[in-house]
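Colleague: Could you take a close look at one part of this chain for me, the nonpolar patch on the surface, and then set it beside what lies in the interior?

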Amino acid sequence: MYSQQPAIKGRLVDAITDVPLPQVRIAIEGFFYETYSGADGEFSVGGNLSAKKEVVLFISKTGYITKRFPVKIGPESKSVGDIMLQPDAFAEQSQHSTISLSDAELLAEEGKFDNISGILQSTRDVYLNAAAFDFGQTFFRVRGVGSEYGKLLINGIEMNKLYDGRPQWSNWGGLNDVQRNQVFSIGIGSNEYNFGGLGGTTNILMRASKYQPGSRISISGSNRSYSGRLLATHVSGEKGKGWFYAVSTGKRYAREGYIDGTQFDSYSFFASVEKKINDGHEINFSAIYTPLIRGKSAPITQEVIDLKGGKYNPYWGFQEEEIRNSRIREVSEPVFMINHFWKLSERLRLNTNLSYQFGEVSNSRIDYGGTNVVNLDDQQSYLGGGSNPDPVYYQKLPSYYLRFQDQLNFEAAYRAQNDLTQGGQLDWQQLYSANIINNGNGNNAVYALAEDVNRDQQLSANLILNWNVENNFKVIASAGLKDLQSENFARLKDLLGGRAFLDIDVFAEEVSGSPLTLAMQSNLNDPQRLVNSGDTYKYNYDIQASEIEGFLQAQYFFRKLEISLSGNIGEIRHQRNGYYKNGIYPGNSFGVSDLVTFFEYGLKTGFTYKFSGRQNVEYNMGYFLKAPGFKNVFINPRQNNQIVENPEEEIIQASDISYRYRSSKFNLRLTGYYTRINNATEVSYYFTNGLGGLGRRNTAAFVQEALTDIEKQHIGLELGTEYQITPTLKIKSALALGQFTYANNPRLSLSSASFENSVSYGKANLKDYRLAGGPQQAALLGFEYRDPGYWWFGATVNHFAHAYIDIHALSRTSNFQMDYDGFPLLDYEPQVAEKLLKQERFDDYFLVNMVGGKSWRIRDKYLGIFVSVNNLLDQQYKSGGFEQARNSNYRTLKQDRDRDLPVFGNKYWLGIGTSFFTNVSFRF
């Protein structure tokens, strides 16, 4: 009966090249019918339309101008022939700029601010476009949550890492041309692939049959993360007998980016081959490989900023007149996947996916703990170790020599300042010279370049069933699994002219009466081992992790009401296996740890009520559990098997309500949201002074902090509007008002090689402190002009406010007013302490961004040029930062803050100044 209802059929083609357009969304305004065009551009949409004399097709595709197409209908099916879609060069070029400037941000290796990456081109929502392009450059987080709370899928397979829950965007970076087909759901809204996450769900469709046939070459230049990019893509279309293929390859490079010494070198490769076996079966194979080498930059104190400026980076120095960065991040993790699409019937479809990813991520650093074994009076000991080569190590700064009022050393402070202003870069020659001198004396290397390596092998598989039970009732079910084998070890990369490096921990302390010579051993099963370039040393362990999950969703469509109900259930397991018997933890480092198991489940529901074809209200609410990544399960996995006490799943409660208005000229979305995250755990590492209650006078130690039972609250409003003043001119605005805070006082405990057992410091008084992570409030006002002559121009003014420093939790515990012996500090003053612990709020600031370009049609080919300028007025601002952990009690912190130049002041990441991006593309 359904097939006998009048339907609308047609074909969608590019208005310039006349090439059929696949994966175009076609909907009927006022109805729930929706479909996508096939590989040949053809579509058919309809249903019970007999009561209508005329309907309006709403036709949309990323990179093309959205079209409203009225169609008169009768009792028979209606063919509208070819519908021409005009390329939207403004949108297409903007997404090029957005991705190019966002895929390698200063903190990308941490993944903390990648949550906007998934919305770069997968939605036409005004607010989300502003969040991606204009707000994203400031590390703005949509609704205040990081990327670990979102889900990123490629061809239906989840790509989030089990280590920390975050997707590694560099695994597919630089492949803009083949990432245009995306499906995005905001927040906890329903989607057709899995249960989703708090921060939304993005599925990137990378199938050969879903791309527009043709070829494209583009050349780009920038002064931000990289200076140049080449990208070439070819899509075959159907080549006969149901075969399709697509290939894309690119290169991005920079001698140094906007920040000094941050070199960038990356290749990108993608290939997809698809076979349409028959009307019921299609199979697709895809391969992605995007190796990356990138120099990192350091957070710096205000003292260093004042002396060296915002582009300064202490991690690099010249070696034989070439820039060499000591902190290099290398990513090489190819992905292979195969997808089978089975159309069991007109109403029932089954998608089977299998993915395998392997490779490694490494981060280099200088190890200055090289020593030699010596025998003094028949007693074995170790001599050697170098000074910290960091040019901004606190003992090399002017503030260090002016730290005591009665011992001011102005001469030394002047020399330190002059050394920093005149140079201030890593002295590679000094490191080589020290090692060469040791070689001549028959000694081991003092300095070496090491790497912390994470080498993964992960197998992922899932099934997704899509069943249209009735015309207005749909059921989606999925089941999936992941299996991860993760090797983690330190590797000696470069001996820097030395002959060998002794594998011991020069900073180890004697514990439990064990001789210091044993405590210093990285591996008691192979003590005092000399290592060379390429050897594993320091630590070596595996993490075995697995995940099994199931998902079920029902959607019901009435004339004016849509309802969805979703549920999921899953299990995640983590286990460590140590290969080194650590000298400090001989009984708890070698071998297999306890198995840690987490159980996940969740429920969420949502509805959309349509007042008319223009107005609707949407509401979503959810309650679900989220397991922590193994990053926050093991306290010190490099040295032992210790697990966070009573690890628990996070409990997430979320709801949002939205009002939408859409017309041909004016669009608006207003959303209010509330989120509560309970039982969160965070593990961190730092060196600190001022520890009390340890039963010893030495109050300094390198510690592992476990902050547990954390509760967070996210509440806010989102507003996005756009108004088409004329056919060529549009104005737009966006507003984000958020308040993201700690909602309780979590528990804090410390572990360390410097003391035997974990020490609990009780509650950390964090309630009502703001969460760090970019500005919590942002506003945008801008315009876009599209000229009929195929040139365009746009500009936005953006205001950012309420960005806060990341606070040091230990300073908010009982330790803050505790002396070394565990008794209260006699000089403690609560009013002064309140001022010392006040959270720093960064200054508000404005950023002006501009974009423009021109395109030409050359017969059936297309040439486009695009230019964007971010932060046109070169506004200086702080994009992030943290309190240093050195001073953990009242006395030491007050002493430091009372100085004109604090020795351990807050450290900051600075925002990018004026930056540009240009792109020239040729499509044929």
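Modeller: Ile277 counts as partly exposed because its relative accessibility is 49%, a value that falls between the 20% and 50% limits. In this predicted model, Ile277 is found in strand β15, which spans residues 264–278, and Ile277 helps to make a nonpolar surface patch of about 720 Å² together with Ile283, Phe285, Phe336, Ile338, Leu354, Tyr356, Phe358 and Leu459. At least two residues of the patch are supplied by each of β16 (281–289), β22 (335–343) and β23 (348–367), and the largest share, 3 residues, comes from β23.

Turning to the interior, the largest nonpolar core has 58 residues, of which Leu198, Leu691, Leu748, Leu750, Phe755 and Tyr761 touch the most other members. If neighbours within four places in sequence are left aside, Leu750 is in contact with Tyr686, Leu691, Val703, Gln704, Glu705, Phe755, Asn757, Ser758, Val759, Tyr761 and Leu810. Apart from this core lies another, of 22 residues, with Tyr539, Ile543, Ala545 and Val596 among them.

Two loop residues may be added for their backbone angles. Arg143, in the loop between α2 (126–135) and β8 (151–154), has a positive phi near 60 degrees although Arg143 is not a glycine, and Arg143 counts as buried because its relative accessibility is 11%. Lys241, in the loop between β13 (228–235) and β14 (243–254), likewise has a positive phi, near 55 degrees, in a residue other than glycine, but Lys241 counts as exposed, since its relative accessibility is 75%.

Notes
Residues are numbered from 1 along each chain as its sequence is written. This is a predicted model: local features need pLDDT of at least 70, side-chain atom pairs count only at pLDDT 80 or more; totals for chains, interfaces and linings use all residues. Side-chain values use heavy atoms; hydrogens and water are left out. A nonpolar core is a set of buried Ala, Val, Leu, Ile, Met, Phe, Trp, Tyr and Cys residues joined through side-chain atoms within 4.5 Å. Buried means under 20% relative accessible area, exposed over 50%, partly exposed in between (1.4 Å probe, protein chains only). Contact means heavy atoms within 4.5 Å. Helices (H or I, at least four residues) and strands (E, at least two) are DSSP runs, numbered from the N terminus. Patches are made of residues with over 30% relative accessible area and no salt bridge: like charges are joined within 9 Å, nonpolar side chains (Val, Leu, Ile, Met, Phe, Trp, Tyr) within 5 Å. Accessible areas come from the Shrake-Rupley method with a 1.4 Å probe; for residues, only the protein chains shown count as cover. A salt bridge is a side-chain nitrogen of Lys or Arg within 4 Å of a carboxyl oxygen of Asp or Glu.
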